[in-house]
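Thank you all for making time this morning. Please have a look at the sequence and the model on the screen while I talk, and keep both in view as we go.

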Amino acid sequence: MNARTTTITAIVMHIAACTPLEPIAQQTAPSSPPIIQARNSDTDLLLARFEATRALSKDEFKAELASVQRRFAATPTPAVRTELALLLSAPHAETRDLPQASKLLEEVMKDKQSSAGLQNFASMLFGHISATARQEENLLSLSQRVKEERKRADQAQGKLESSTQQLEQ
């Protein structure tokens, strides 16, 4: 029996040695993450439309703004409100109306019918518009200061020149 056990063990080991093993890399490779399907949410559509307006001429942009204003007058949905606010706050727009854009976005943020994504987008845009408005106010204030300092410098220069002329005489 001892010889029989030894023979069986030798046969099993021979068969095991002949069976190819899977490479280690295949055994430990993690499964690939699931692919997330993109959806066309209100936010995605708004950003796509806004991006398209960047290539428009001034006249085309004005026409697009007028079109959105007409849609807003007909059906003031949260998405149309946000789109109008986006166009009113566009840096490439000739006629920016940051206070009106902020007002529209506040209404979207308060609207219970707005999707969470649209409310979050409106909140982010509201913050951006507020920061832009503060920067413009600061720039206007600094511009006023520069004008006042130039006026003072001109006055001082005038006094200096008149004093110099009096000394020369």
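I will begin with the overall fold, then turn to the last helix, the salt bridges and the empty spaces.

Please keep in mind from the start that this is a predicted model. The protein has seven helices and zero strands, so if you follow the chain from its beginning you read the pattern α-α-α-α-α-α-α. Of its 169 residues, 20% count as buried. Among the contacts with a separation of 6 or more, 50% are made by residues that stand 24 or more positions apart.

Let us look at helix H7, which runs over residues 116-168 and holds 53 residues. From its first C-alpha to its last, H7 reaches 77 Å, and this is close to the 78 Å expected at 1.5 Å a residue. Which residues of H7 are buried? They are Leu118, Phe121, Ala122, Leu125, Ile129 and Thr132, and these buried residues pack against three other helices, namely H3 (42-53), H5 (78-88) and H6 (98-110).

Helix H7 also takes part in the largest pocket, which has a volume of about 160 Å³. The lining of this pocket is made up of Leu47, Phe50, Leu86, Ser89, Ala90, Pro91, Phe121, Met124, Leu125 and His128. Two or more of these residues come from each of H3 and H7, and it is H7 that gives the largest share, four residues. Sorted by kind, the lining of the largest pocket has eight nonpolar residues, two polar ones and no charged ones.

Now I come to the charged side chains. Side chains of opposite charge can pair when their charged atoms come close. In this model the count comes to seven salt bridges, and I would like to go through three of them with some care.

In one of them the side chains of Arg49 and Glu83 meet, at 2.4 Å from N to O. This pair joins distant parts of the chain, since Arg49 sits in helix H3 and Glu83 in helix H5, 34 residues apart. Are these two partners buried or exposed? Arg49 counts as partly exposed, because its relative accessibility is 36%, whereas Glu83 has a relative accessible area of 7% and is therefore buried, the cut-off being under 20%.

Glu83 has another partner as well, for Arg71 forms a salt bridge with Glu83 in which the closest N and O atoms are 2.8 Å apart. Here too distant parts of the chain are linked, with Arg71 in helix H4 (residues 58-74) and Glu83 in helix H5, 12 residues apart. Arg71, at 31% relative accessibility, counts as partly exposed. If we put these pairs together and add Glu64, we find that Arg49, Glu64, Arg71 and Glu83 are linked in a network of salt bridges.

The last salt bridge I want to show is that of Glu136 with Arg96, where the closest N and O atoms are 3.3 Å apart. Glu136 lies in helix H7 and Arg96 in the loop between H5 and H6, so this pair ties together parts that are 40 residues apart in sequence. Glu136, at 39% relative accessibility, is partly exposed, and Arg96 is partly exposed with a relative accessible area of 32%.

That leaves the enclosed spaces. A search of the whole structure finds two cavities of 30 Å³ or more. The largest cavity, with a volume of about 40 Å³, is lined by Leu46, Arg49, Phe50, Thr53, Glu64, Glu83, Leu86 and Leu87. Both H3 and H5 give two or more residues to this lining, and H3 gives the largest share, four residues. By kind, the lining of the largest cavity divides into four nonpolar residues, one polar and three charged.

One residue of that lining, Thr53, deserves a word of its own. Thr53 is found in helix H3 and counts as buried, because its relative accessibility is 4%. Leaving aside neighbours within four places in sequence, Thr53 is in contact with Phe61, Glu64, Leu87 and His92.

Finally, the second largest cavity holds about 30 Å³ of space, and its lining consists of Lys58, Phe61, Lys62, His92, Ala93 and Glu94. Two of these residues are nonpolar, one is polar and three are charged. Thank you for listening, and I am glad to take questions.

Technical notes: Residues numbered from 1 in each chain as written. Predicted model: local features only at pLDDT ≥ 70, side-chain atom pairs only at ≥ 80, totals over all residues. Heavy atoms only, no water. Expected span 1.5 Å × (residues − 1). Buried < 20%, exposed > 50% of the residue type's maximum accessible area, 1.4 Å probe, protein only. Contact = heavy atoms within 4.5 Å. 1 Å grid on protein atoms, 1.4 Å probe; cavity = no way out; pocket = protein on both sides within 12 Å on 5 of 7 lines; lining within 4 Å. Points joined across faces, edges and corners; volume = space filled by probe spheres on them. Nonpolar A, V, L, I, M, F, W, Y, C, P; charged D, E, K, R; others polar. Salt bridge = Lys/Arg side-chain N within 4 Å of Asp/Glu carboxyl O.
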